[in-house]
Amino acid sequence: MESQLEQQSPAVVVRPHARRHRGILRYPVVRQLIRFTGVGIVCTLTSLALYALSRPWLGAQPANAAALILTSFMNTALNRRLTFKITERRRMKRDHLNGLAVILVALLLTGGSLAILHWLRPGATVAEELWTTTLSGFAATAVRFTMLRHWIFRRARHR
């Protein structure tokens, strides 16, 4: 007795793990943006907490740099696994090194915005600094997603 899979024509292959997405979710970029947003929320909250905790001892710019660099490792690892569905370990070191290069863009944008804030308001509060880095972080996030998708993880763009 032949199995049901063997009875099908060779052109039809049934994969139990394959999902059929409907509507807007059929586009890989949309699914990636949704997952990227989830990762971004976790990393942003972690970065803000690290900044707020280290700001009194380090100052604004060093606290910003430390928070971004520390969370960039977590961000790259989570985006690698969750957003772009890369599980092999073969290129992990290179991906993380490239992720550090991408974080420099975020550091320039958020650090630059902090410098402008302190130039305009020398006595800015920590809350104002957090809002400034969060808002400039949105621009950095758009750049980060584009660089991750088209440079670092281009091999997984369609997952």
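Start by selecting helix H3 (residues 60-83) and helix H4 (residues 92-120) in this predicted model. Their axes come within 8 Å and cross at roughly 145°. The crossing of H3 past H4 is right-handed. Colour the contact between H3 and H4 by residue class, and 12 nonpolar, nine polar and two charged residues appear.

Stay on helix H3 and pick Thr-76, which lies in it. Is Thr-76 buried or exposed? Thr-76 has a relative accessible area of 1%, and because the cut-off for buried is under 20%, Thr-76 counts as buried. Next, show what surrounds this residue. Leaving aside residues up to four places away in sequence, Thr-76 touches Asp-95, His-96, Gly-99, Arg-144 and Phe-153. Asp-95, His-96 and Gly-99 fall within the range of H4, residues 92-120. To put a distance on the view, join the C-alpha atoms of Thr-76 and Val-102: they are separated by 9.7 Å, while the two residues are 26 apart along the chain.

Now move to helix H5 (residues 126-152) and select Thr-133, which is found there. What is the relative accessibility of Thr-133? The value is 9%, so Thr-133 also counts as buried. With residues up to four places away in sequence again set aside, Thr-133 touches Leu-48, Asn-64, Thr-110 and Leu-114. Of these, Leu-48 falls within helix H2 (residues 28-58), Asn-64 within H3 and both Thr-110 and Leu-114 within H4.

Zoom out to the whole protein. How many helices and strands are there? The protein has five helices and zero strands, and its pattern along the sequence reads α-α-α-α-α. Of the 159 residues, 34% are buried. Turn on the contacts between residues at least 6 apart in sequence: 70% of them join residues at least 24 apart. Switch to the surface, and about 10,400 Å² is exposed, with carbon and sulfur atoms supplying 66% of it.

Finish by colouring the model by confidence. The mean pLDDT of the protein is 83, and 86% of its residues reach 70 or more. Where is confidence lowest, and where is it highest? Helix H1 (residues 4-7) is lowest, at a mean of 49, and helix H2 (residues 28-58) is highest, at 91. Where pLDDT is low, the predicted coordinates should not be read in detail.

How values were computed. Residues are numbered from 1 along each chain as its sequence is written. This is a predicted model: local features need pLDDT of at least 70, side-chain atom pairs count only at pLDDT 80 or more; totals for chains, interfaces and linings use all residues. Side-chain values use heavy atoms; hydrogens and water are left out. Axes are lines fitted to C-alpha atoms, for helices over the stretch in contact, and angles run from 0 to 180 degrees between N-to-C directions. Helices (H or I, at least four residues) and strands (E, at least two) are DSSP runs, numbered from the N terminus. A crossing is left-handed if the near helix is turned anticlockwise from the far one by less than a right angle, and right-handed if clockwise. Ala, Val, Leu, Ile, Met, Phe, Trp, Tyr, Cys and Pro count as nonpolar, Asp, Glu, Lys and Arg as charged, and the others, Gly among them, as polar. Buried means under 20% relative accessible area, exposed over 50%, partly exposed in between (1.4 Å probe, protein chains only). Contact means heavy atoms within 4.5 Å. Accessible areas come from the Shrake-Rupley method with a 1.4 Å probe; for residues, only the protein chains shown count as cover. pLDDT is the predictor's confidence in each residue, from 0 to 100.
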